Amino acid sequence: MFEKIKLAPADPILGLNEAFKAETRDNKINLGVGVYKDDLGATPILKCVKKAEALMLEQQQTKGYLGIDGHGAYREAVQTLLFGSDHPVLAQGRSRCIQAPGGTGALRIAGEFIKDNLGDKKVWISNPSWANHHQIFAAAGLTTAEYRYYDAANRSIDFAGMLADLDKLSSDDVVVLHGCCHNPTGIDPTLEQWQQLAASAKARGWLPLFDFAYQGFATDVDADAAGLRHFAAEVPELLIANSFSKNFGLYNERIGAMTIVAASSDAAECALSQAKRAARANYSNPPAHGAEVVATILADAELKALWLQELAQMRDRIKLMRTALVDGLASAGIDFDFGFIQQQNGMFSFSGLNPEQVAKLREQHGIYIVGSGRINVAGITSDNLPHLIAAIKAVW
């Protein structure tokens, strides 16, 4: 039977990473895959994580299964981090959380939950968006469509177009919103714009689904959640898929969560039971280690303070590289204003490079970038920056 199977096309991002690994040039640079790198080009384990793991190793007494919904203290910590400790949603008991294997797993559980319980909703995704969004929801049996988001001419958010598209929707629709550090553009709505989007959801009845993978990478953990928290206060129902891969550096632990906000505590409990059904038919029980790490850190004042400090260091390094890249390109004499890169948030940037230039960077200079021109700014280091600037000048 298997001889009938055709070779699947390579993932546009993970396939790029495989090609980079096979690259033999010493000065190669990988600006494709969304993984944080320090200035030495390494993806470090945070000190707070190491300390938490030492405590866990000393205190752990079992390797028994977690429940289907995951680690209890972790789930409580997730909700506090998302909403803040005094949000009305928490006070009213209107939210429930299910641990998931990474943000991708959380999105898939959200998709299964929507399909099984809400019917054939159409899932609206920003144009552009993370490459995996469409196939996650399609795999769950849902139809996807796109709303306007990026204004290429002005390298900014096309908010008028976005709002016009969302104002046409209804309770038959689900809208995926990037909570902060939009992937791939790095451009986020302002708080005033978040308020207008929440008003649209409330008036039109469409269901918000927040993909919140980068909390703390734009300004700080509270400021980055401002849009989400406003939505939760104004809209009776929403879903949130979050991840701790980036802000805790727990990439290979696959630790995330899917949070449900409902109009009442009873409705939230019923919704959680259905999310658990979806998880049971998929992976049954989530992995424990990453959840225990996050729960340990967030429950300990000293470890949490260390985590916030290390998170700020990662955030500041990315901003430093944004400035260094913009200044370097200007000094190289390229007749183009790259200043917009400094206004973007998080690890990603729409660089202004076109597909032809991206191809030349790869073929002639060993620099690997997604075809759209999206770059991972965190992949830039003090050592590889001169080569990157010279290469961009050569292909411009």
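A residue counts as buried when its relative accessible area is under 20%, so His-71, at 14%, is buried. Keep that cut-off in mind as you look through this predicted model. The notes below cover its nonpolar cores, its aromatic pairs, its cysteines and a few residues in loops.

**Nonpolar cores**

- The largest nonpolar core has 97 residues, and Phe-231 and Trp-307 are the ones with the most contacts inside it.
- Helix H12, which spans residues 301–331, gives the most to this core, with 10 residues.
- A second core, separate from the largest one, has 26 residues, including Ile-114, Ile-125, Leu-209 and Ala-275.
- Phe-231 is buried, with a relative accessible area of 0%.
- Leaving aside neighbours within four places in sequence, Phe-231 is in contact with a set of residues that includes Leu-177, Trp-194, Leu-197 and Ala-198. Among its other contacts are Trp-206, Pro-208, Phe-210 and Leu-238.

**Aromatic pairs and a charge over a ring**

- The count of aromatic pairs comes to 15.
- One of them joins Trp-206 and Phe-231 in a tilted arrangement, with 6.3 Å from centre to centre and 50° between the planes.
- Trp-206 lies in the loop between helix H8 (191–204) and strand E8 (207–212), while Phe-231 lies in helix H9 (residues 226–234), so this pair ties together parts that are 25 residues apart in sequence.
- Trp-206 is buried, at 1% relative accessibility.
- Phe-336 and Trp-396 also form a tilted pair, with centres 4.9 Å apart and 50° between the planes.
- This second pair ties together parts that are 60 residues apart in sequence, because Phe-336 is in the loop between H12 and helix H13 (340–343) and Trp-396 is in the segment after helix H15 (385–395).
- Phe-336 is partly exposed, at 26% relative accessibility, and Trp-396 is partly exposed as well, at 35%.
- Tyr-74, Phe-244, Phe-248 and Trp-307 form one aromatic cluster. Trp-307 is also one of the two residues with the most contacts inside the largest core.
- The charged end of Lys-28 sits over the ring of Phe-20, 4.5 Å from the ring centre.

**Cysteines**

- You will find zero disulfides in this structure.
- For Cys-97, the closest cysteine sulfur is that of Cys-180, and the two are too far apart for a bond because 17 Å separates them.
- Cys-97 is buried, with a relative accessible area of 2%.
- Cys-181 is in no disulfide either, and its nearest cysteine sulfur, that of Cys-180, is 3.9 Å away. A disulfide needs the two sulfur atoms within 2.5 Å.
- Cys-181 counts as buried, at 2% relative accessibility.

**Two loop residues, His-71 and Tyr-283**

- His-71 is found in the loop between helix H2 (47–59) and helix H3 (72–83).
- Not counting neighbours within four places in sequence, His-71 is in contact with Leu-66, Gln-99, Ala-291, Glu-292 and Ala-295.
- Tyr-283 is found in the loop between helix H10 (265–280) and helix H11 (289–299).
- Apart from residues up to four places away in sequence, Tyr-283 touches Gln-99, Ala-100, Pro-101 and Ile-109. Gln-99 therefore appears among the contacts of His-71 and among those of Tyr-283.
- The side chain of Tyr-283 reaches the backbone oxygen of Gln-99 at 3.2 Å.
- From C-alpha to C-alpha, Tyr-283 and Ser-129 are 26 Å apart in space, and they are 154 residues apart in sequence.

Notes. Residues numbered from 1 in each chain as written. Predicted model: local features only at pLDDT ≥ 70, side-chain atom pairs only at ≥ 80, totals over all residues. Heavy atoms only, no water. Core = buried A, V, L, I, M, F, W, Y, C linked by side-chain atoms within 4.5 Å. Buried < 20%, exposed > 50% of the residue type's maximum accessible area, 1.4 Å probe, protein only. Helix = DSSP H or I, 4+ residues; strand = E, 2+ residues; numbered from the N terminus. Contact = heavy atoms within 4.5 Å. Phe/Tyr/Trp six-rings, centres within 6.5 Å; stacked < 30°, edge-to-face > 60°. Lys NZ or Arg CZ within 6 Å of the ring centre and 35° of its normal. Polar contact = N/O pair within 3.5 Å; in protein donor to acceptor, adjacent residues only side chain to side chain.
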